[in-house]
Amino acid sequence: MNETVVTVVGNVATEPEFQQTATGVGVTRFRLATTARRWDAERGAWTDGATSFYTVRAWRTLAGHVKESVGLGEPLVVQGRLRIREEDHDGRRFVTADLDAVALGHDLSRGVARFSRTSAALPAATAAAATGVAAPGRAEAATPEPAVPAAPF
């Protein structure tokens, strides 16, 4: 099957929301905003172009990892399958762009991050949703996770 896979760099525009489908599959959804910046030689300054918004969905294990790792306003790099949809609402036509995320991470050109490998168990958000027990939020984590030694090459 032919699919359009794209990489989009932008900022998280809405708080990621984790849900489960009727069949128990985890999905995290958020909006990603990306604004083109161009050098304006006449003004001698950077100017912002139009902002594009994408609805990003991460599924299964990635859904739990995104919910635990990503917050509002953070810079991300998202790679995924692009779907463009046209919809009519109240006589007006809308075009939406959706990304089904395949890979996602923080944009390290704008900050630093620390990676913590998870065990084979379900991520906290997924496990919490399955059991009905609230998962700790990102801000509630008081101690960092212990470092995991790198796998030998």
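Here is a short walk through the structure above, from the overall layout down to a single threonine.

Please keep in mind from the start that this is a predicted model. The protein has two helices and six strands, and from one end of the sequence to the other they come in the order β-β-β-β-α-β-β-α. There are 153 residues in the protein, and buried residues make up 24% of them. Its accessible surface comes to about 10,700 Å², with 53% of that area belonging to carbon and sulfur atoms. If you take the contacts with a separation of 6 or more, 61% of them are between residues 24 or more positions apart.

Let us turn to the strands. Strand β3 covers residues 26-40, and strand β4 covers residues 45-59. How do β3 and β4 pair? They are antiparallel, and 13 bridges link them. To find your place along this pairing, look for Thr34, which stands opposite Ser52 in β4. The two strands form a hairpin with four residues between them. Gly44, in this hairpin, takes a positive phi near 70 degrees.

β4 has another partner as well. Strand β6, residues 92-106, runs parallel to β4, and three bridges join the two. A handy marker here is Arg57, whose bridge partner in β6 is Asp100.

Now for the aromatic rings. How many aromatic pairs does a search of the whole structure find? The search finds one. This pair is made by Trp39 and Trp46, with ring centres 5.6 Å apart. Their planes lie at 75 degrees, which is over the 60 degrees needed, so the pair counts as edge-to-face.

Finally, let us look closely at Thr28, which lies in strand β3. Is Thr28 buried or exposed? Its relative accessible area is 0%, and because anything under 20% counts as buried, Thr28 is buried. Which residues does Thr28 touch, leaving aside its neighbours within four places in sequence? Its contacts include Pro16, Glu17 and Phe18. Val56, Arg57 and Ala58 are also among them, and the list goes on with Ala63, Gly64, Val66 and Lys67. Arg57 is thus a name you have met already, as the residue bridged to Asp100 in β6. Ala63 deserves a second look too: its backbone oxygen lies 2.6 Å from a polar atom of the Thr28 side chain. So the side chain of this threonine, though buried, has a polar atom 2.6 Å from the backbone oxygen of Ala63.

Notes. Residues numbered from 1 in each chain as written. Predicted model: local features only at pLDDT ≥ 70, side-chain atom pairs only at ≥ 80, totals over all residues. Heavy atoms only, no water. Buried < 20%, exposed > 50% of the residue type's maximum accessible area, 1.4 Å probe, protein only. Polar contact = N/O pair within 3.5 Å; in protein donor to acceptor, adjacent residues only side chain to side chain. Contact = heavy atoms within 4.5 Å. Areas by Shrake-Rupley, 256 points an atom, 1.4 Å probe, with all protein chains shown as cover. Pairing = 2+ DSSP bridges. Phe/Tyr/Trp six-rings, centres within 6.5 Å; stacked < 30°, edge-to-face > 60°.
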